[in-house]
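Student: I'd like to go through this structure and check what the labels really rest on. Can you take my questions one by one?

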Amino acid sequence: MDASLEKLMLPASTPSLVSVRHSNFEASIFESSSAPSSHNIADPTLAEMGKNLKEAMKMLEDNHRITEEENGKKLLSGDIPGPLQDSGQDMVSILQLVQNLMHGDEDEEPQDARIQSIGEQGHIALLGHSLGAYISTLDKEKLRKLTTRILSDTTLWLCRIFRYENGCAYFHEEEREGLAKICRLAIHSHYEDFVVDGFNVLYNKKPVIYLSAAARPGLGQYLCNQLGLPFPCLSRVPCNTMFGSQHQMDVALLEKLIKDDIERGKLPLLLVANAGTAAVGHTDKIGRLKELCEQYGIWLHVEGVNLATLALGYVSSSVLAATKCDSMTLTPGPWLGLPAVPAVTLYKHDDPALTLVAGLTSNKPADKLRALPLWLSLQYLGLDGTVDRIKHACQLSQRLQESLKKVDHIKILVEDELSSPVVVFRFLQELPGSDPVLNAIPAPNMAPSTVSRERHSCDALNRWLGEQLKQLVPASGLTIMDLEVEGVCLRFSPLMTAAVLGTRGEDMDQLVACIQSQLPVLTCTLQLREEFKQAVAGTAGLLYVDDPNWPGIGVVRYEHANDDKNSLKLDPEGEKIHAGLLKKLNELESDLTFKIGPEYKSMKSCIYIGMASDDTDVSELVETIAVTAREIEENSRLLENMTEVVRKGIQEAQVQLQKANEERLLEEGVLRQIPVVGSVLNWFSPVQPLQKGRTFNLTAGSLESTEHTYVSKVQGTGVTPPQTPSGTRTKQRLPGQKPFKRSLSETSSVSHTEDLEKMEHLSGGLEQQALEANSPEQHPGTPTPQEAKQTGAVQNIAQGPEDDPPQVEEPESLR
């Protein structure tokens with residue numbers, strides 16, 4: 001880092017980092033010479049601890065598992081707890097068991113979530129937790145000196161990096177815990193008798209905590225639960241509605257709320273401002289808020305991701321004003337990609353007794369050792385490494401912003417391009433004759449229902465786009481969020497994800513390329529929705545279902561014969577038909593996706609059709625759905641009626657067989673039925689039996705005679721099979737062409753089509769003349785000379801003028 005940046009980061013009244021090493025702290029984390037090398041470590045336990053941690057992390061991060069033969073025994077894994085084994089296990093077996101629990105069993109499907117990649121700096125942070133447990137075994141005097149040194153060093157470094165002069169630090173695991181301690185400190189500062197009288201003091205003059213409407217969800221409830229305050233002690237300050245950002249606190253309205261609370265006998269206690277809101281990363285007007293808090297004696301606390309930019313050489317004035325606040329909460333773990341590193345709350349207060357009562361300071365060495373992982377990590381990264389990681393995240397944000405400005409149909413929601421490292425954007429399509437879907441204020445001539453439907457439709461498309469981008473570019477760390485005014489948006493916050501996921505500049509280029517590749521699908525889907533709706537409305541048996549929350553060209557339902565349109569009950573027959581229809585559609589292997597989505601309002605099944613491209617043939621798609629559903633319905637009816645048809649056929653066959661036996665008895669006589677007499681009569685006068693049989697036609701559902709079968713020796717049914725449902729249209733597809741796609745001939749030029757039609761017409765006319773010239777006395781297989789000449793002319797036309805003329809062989813009869 002250059003000298004100018006170092007001077008900018010360090011206060012004028014504070015000695016340089018090099019001179020700090022000779023001060024009472026006797027250490028500077030950013031001087032590599034102060035750290036001993038590994039081969040000079042005198043404590044063998046400490047050296048062995050670092051070695052074991054490195055080997056353990058290497059084993060846990062290795063994806064190749066040791067087999068059962070190598071271990072010599074079966075390792076227990078899974079979610080079901082088991083008994084403790086009688087004999088102890090070695091370290092390798094225990095770590096292998098931990099790895100199985102982390103990555104799951106081999107039989108399980110792989111998880112989509114990526115495991116955080118921990119580099120060497122992450123190992124240093126993890127070593128701090130093990131080292132803290134080891135340090136706690138020292139004697140009290142050595143432990144006190146060591147913990148004081150670690151806490152003092154880390155506090156000094158953080159205050160200088162983030163420009164917070166003469167501050168104290170409180171390290172905590174939960175991000176909101178620091179704010180809860182600050183609120184307790186503000187209560188003790190404003191209520192002198194709170195330690196003695198407790199709740200009675202608060203009851204007489206209720207405290208008020210002001211939170212922005214854009215604050216992270218659940219923060220106010222958490223504070224009330226930790227402090228034991230009722231919810232009326234919270235006051236939500238609305239954001240700007242007329243001027244400025246929609247996510248900035250309204251300062252004028254805040255001042256009005258403070259005056260009203262003072263008139264009602266309440267005590268304005270604390271204000272929580274945002275330097276980067278949790279949703280879109282907007283920063284409040286901290287300078288004006290600080291002046292207002294000084295005027296009314298209110299404690300000002302600032303939190304947000306934009307506080308990380310205080311470590312850079314250039315800081316916007318709105319974020320720089322946070323250095324004058326009473327306290328701020330930092331989260332260096334995500335910013336620097338450090339796992340298991342505590343959050344830090346920096347504050348300014350001169351009374352150590354009150355900070356001790358509030359819980360911000362502690363005499364326990366274990367509480368001071370919370371800073372050990374961060375102390376080790378900062379030494380490993382150094383000042384330059386810490387600043388470079390934050391600068392890299394901000395550069396990624398600026399790179400994405402500049403690229404998205406050149407992409408059509410993408411709207412960026414950003415307050416200030418220089419101060420906010422958070423990029424929030426969404427897809428926006430303006431269809432012809434309609435207002436932008438993103439516009440939250442409805443037009444005077446547009447019904448509210450129309451605005452709501454378009455809003456939900458655009459939100460569904462943005463949600464689909466976000467899911468696609470998260471799968472295509474997982475290193476981007478995109479998140480999908482639903483804003484109250486703007487709707488569903490995509491957020492890129494590199495300060496919270498870039499260091500953990502290892503995001504690079506190439507990932508931003510890939511992200512923009514993926515967005516551009518998905519935009520044609522989004523625009524075509526919006527354009528085909530109305531065509532799909534009209535096609536379904538004009539097809540008998542199909543009903544269009546208006547579901548704006550579905551990101552596709554539409555939803556359709558087939559109405560079968562027994563469908564009760566006014567009933568809200570379950571429809572088992574309809575569910576069976578739609579399940580078969582979904583199976584048939586998926587077997588076509590088209591580019592479209594078909595699903596049976598969530599149950600509709602009427603609790604009846606529907607077919608949900610996904611995103612489409614510009615070459616999708618909507619008419620063919622709708623016709624295929626209607627024909628396929630009708631065939632499935634008819635086939636299901638045939639199967640349902642088969643049992644009754646077969647039963648009636650069997651009864652009729654039994655009646656006819658009985659009638660045939662009676663006729664044979666009358667024809668042969670009674671004497672031939674006697675066993676002995678019948679044999680003698682048949683020997684003297686044999687009877688020629690008539691072959692009579694019956695066949696059951698399942699298609700016609702009737703019994704038929706088999707007499708013609710024995711006569712013609714050909715099996716025939718005598719009944720024409722039923723035709724396919726009317727209205728089917730078999731479309732000729734080219735080889736390799738997928739279903740529901742327009743062929744090249746449909747999109748080719750008109751002139752090429754006319755040329756082909758003229759060629760076919762001319763060839764057909766010549767062939768017709770040749771057939772008419774044939775003589776009836778001539779042999780059918782022998783062409784006349786006139787026919788041979790015309791045939792040659794047709795071949796010449798088909799080949800073209802540039803090809804060699806074909807050789808027409810003269811028939812033998814003319815030689």
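Student: Why are Glu294 and Lys290 said to be about one helical turn apart?

Tutor: They are 4 residues apart in helix α13 (residues 286–296), and so about one turn separates them. Helices here are DSSP runs of H or I, at least four residues long, while strands are E runs of at least two, all numbered from the N terminus.

Student: What makes the contact between Glu294 and Lys290 a salt bridge?

Tutor: The rule asks for a side-chain nitrogen of Lys or Arg within 4 Å of a carboxyl oxygen of Asp or Glu. For Glu294 and Lys290 the closest N and O atoms are 3.9 Å apart, so the pair qualifies.

Student: Before we go on, what kind of model is this?

Tutor: It's a predicted model: local features need pLDDT of at least 70 and side-chain atom pairs count only at pLDDT 80 or more, while totals for chains, interfaces and linings use all residues. Residues are numbered from 1 along each chain as its sequence is written, and side-chain values use heavy atoms, with hydrogens and water left out.

Student: Back to that pair: why is Glu294 called exposed, and what is Lys290 called?

Tutor: Buried means under 20% relative accessible area, exposed means over 50%, and partly exposed is in between (1.4 Å probe, protein chains only). Glu294 has 57%, so it is exposed. Lys290 has 14%, so it is buried.

Student: How do you know that Arg149 and Asp153 form a salt bridge?

Tutor: Their closest N and O atoms are 2.6 Å apart, so the distance rule is met. Both sit in helix α7 (residues 140–161), 4 residues apart, about one turn of the helix. Arg149 comes out at 26%, so partly exposed is the right label, and Asp153 at 0% is therefore buried.

Student: What about Lys405 and Glu402: which exposure class do they get?

Tutor: Lys405 is at 43% and therefore partly exposed; Glu402, at 43%, is partly exposed too. Their closest N and O atoms are 3.7 Å apart, a salt bridge. Elsewhere, Glu175, Arg216 and Glu303 are joined into one network by salt bridges that share partners. By this rule the count comes to 14 salt bridges.

Student: What makes something a nonpolar core?

Tutor: It's a set of buried Ala, Val, Leu, Ile, Met, Phe, Trp, Tyr and Cys residues joined through side-chain atoms within 4.5 Å. The largest one has 70 residues, and Phe162, Leu254 and Trp335 are among those with the most contacts inside it. Helix α18 (residues 372–404) gives the most to this core, with 11 residues. There is also a second, separate core of 29 residues that includes Ile187, Phe194, Trp299 and Leu360.

Student: Which residues does Val302 touch, leaving aside neighbours within four places in sequence?

Tutor: Contact means heavy atoms within 4.5 Å. Val302 has such contacts with residues including Ala273, Ile286, Leu307 and Met328.

Student: Why are β12 and β14 called edge strands?

Tutor: Two strands pair if DSSP finds at least two bridges between them. The open sheet has 4 strands in the order β12-β13-β15-β14, with antiparallel pairing. Within that order, β12 (542–545) and β14 (594–595) each pair on one side only.

Student: How many bridges join β14 to β15?

Tutor: There are 2 bridges between β14 and β15 (residues 607–609), so the pairing rule is satisfied. Lys595 stands opposite Tyr608 in β15.
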